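Let's take a walk through this fold and see how its pieces fit together. Have the sequence and the model open side by side as you read.

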Amino acid sequence: MAKCQRVGVAVCLVFVFLFPCDIGLNKKSPPQAYCELEWLVLEKSCQDVFSSLTLQICEWNTSKCQHNSTKCFYSLLMAKHLTVNATHTTFQPSRVVDLLTFTLEPTSPCPRQNKDGSETKLNNTLCCYVRGISQPISGSADSNDGRNYCNLVNLMDGVQNHLECKMQLNSTSHSCFKDSTKQLLDCTHL
């Protein structure tokens, strides 16, 4: 893990040097190609989710994947205090770099969605609320082809597979979708 973090810091410094830009973190309105998702991870601590998320980013870095996979070219920038910052680079049709930010927060009591749509509070169950944001920092930042949505979903799917846990996608910003129909995307082919 330490090696990945050192590489991530070096990538960050090189990235900032080569692509100096305002990444929009202090602006009130998000860029057009922006996606924010919220999950509730059931029966796992935020520390477990945090560790799995950073591990997943390291596993899907640039040196360990195939060029055309959507589950590649992630770089860890920072992982500290239940916050994870990373980048994801897409090369087709053009090179675009997106900034990903995940914020994790323990929640108690843990709400659980029942099959009938009602909610049950589980007082003695671990839960972690995860908020993920993906936004472009270089390349074509004005179009939303679903890339930002898939950046987040692919990583959290990897976390879910690694931890063998249940997760609920609680909310999605309207800007995550290709068009106004709010149709979920197949992130394996984007």
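## A buried tryptophan

A residue counts as buried here when its relative accessible area is under 20%. Trp 60 comes in at 15% relative accessibility, so it falls on the buried side. Tyr 74 is buried too, because its relative accessibility is 0%.

These two residues also make up the one aromatic pair in the count. Their ring centres sit 5.9 Å apart with the planes at 40°, so the pair is tilted. It ties together distant parts of the chain: Trp 60 is in the loop between H2 and S2, Tyr 74 is in strand S2, and 14 residues separate them.

## How far to trust the model

Keep in mind that this is a predicted model. The mean pLDDT of the protein is 75, with 65% of the residues reaching 70 or more. Where does confidence bottom out, and where does it peak? Helix H1 (residues 2-18) is the low point with a mean of 43, while S2 is the high point at 95. Across residues 5-28 the pLDDT stays below 50, and that stretch has 18 contacts in the model beyond near neighbours in sequence.

## The overall layout

The protein has three helices and eight strands. Going along the sequence, they follow the pattern α-β-α-β-β-β-β-β-β-α-β. Of the 190 residues, 44% are buried. Among contacts with a separation of 6 or more, 69% are between residues 24 or more positions apart.

## The sheet

Six strands build an open, antiparallel sheet, in the order S2-S3-S4-S7-S1-S8. S2 and strand S8 (166-172) take the edges with a single partner strand each, so one side of each has no neighbour in the sheet. From one strand to the next, the twist averages 20°. Helix H2 packs on this sheet and touches S1, S2, S3, S4 and S7, its direction making about 150° with that of S2.

Edge position aside, S2 is mostly covered, with five of its seven residues buried. Six bridges join S2 to S3, and the two run antiparallel. Lys 80 has Thr 83 in S3 as its bridge partner. The S2-S3 hairpin has two residues between its strands, and His 81 takes a positive phi near 50° there.

Further along S3 you'll find Thr 89. With 13% relative accessibility, Thr 89 counts as buried. Leaving out residues up to four places away in sequence, Thr 89 touches Cys 72, Phe 73, Arg 95, Val 96 and Val 97.

## S1, flanked by S7 and S8

How many of the residues of S1 are buried? Eight of the eight are, so S1 is largely enclosed by the rest of the structure. In a regular strand, side chains alternate between the two faces of the sheet. In S1, Cys 35, Leu 37, Trp 39 and Val 41 point one way, and Glu 36, Glu 38, Leu 40 and Leu 42 point the other. Both glutamates are on the buried list along with the rest.

S1 runs antiparallel to S7, joined by eight bridges, and antiparallel to S8, joined by six bridges. Leu 37 is a handy marker for both pairings: it stands opposite Gly 132 in S7, and its bridge partner in S8 is Thr 172. Next to it in sequence, Glu 38 stands opposite Ser 171 in S8.

## The nonpolar core

Which members of the largest nonpolar core touch the most other members? Among its 34 residues, they are Trp 39, Phe 102, Leu 104 and Val 130. At least two core residues come from each of strand S1 (35-42), helix H2 (46-59), strand S2 (74-80), strand S3 (83-90), strand S4 (96-106), strand S7 (127-138) and helix H3 (147-163). H3 gives the most, with eight residues.

Phe 102 is a good place to centre your view. Setting aside neighbours within four places in sequence, Phe 102 is in contact with Trp 39 and Val 130, two of the well-connected core residues. Its other contacts are Leu 53, Leu 82, Thr 83, Val 84, Arg 131, Gly 132, Leu 152, Leu 155 and Met 156.

Methods:
Residues numbered from 1 in each chain as written. Predicted model: local features only at pLDDT ≥ 70, side-chain atom pairs only at ≥ 80, totals over all residues. Heavy atoms only, no water. Core = buried A, V, L, I, M, F, W, Y, C linked by side-chain atoms within 4.5 Å. Buried < 20%, exposed > 50% of the residue type's maximum accessible area, 1.4 Å probe, protein only. Helix = DSSP H or I, 4+ residues; strand = E, 2+ residues; numbered from the N terminus. Contact = heavy atoms within 4.5 Å. Pairing = 2+ DSSP bridges. Axes fitted to C-alpha atoms, helices over the stretch in contact; angles between N-to-C directions. pLDDT = per-residue confidence, 0-100. Phe/Tyr/Trp six-rings, centres within 6.5 Å; stacked < 30°, edge-to-face > 60°.
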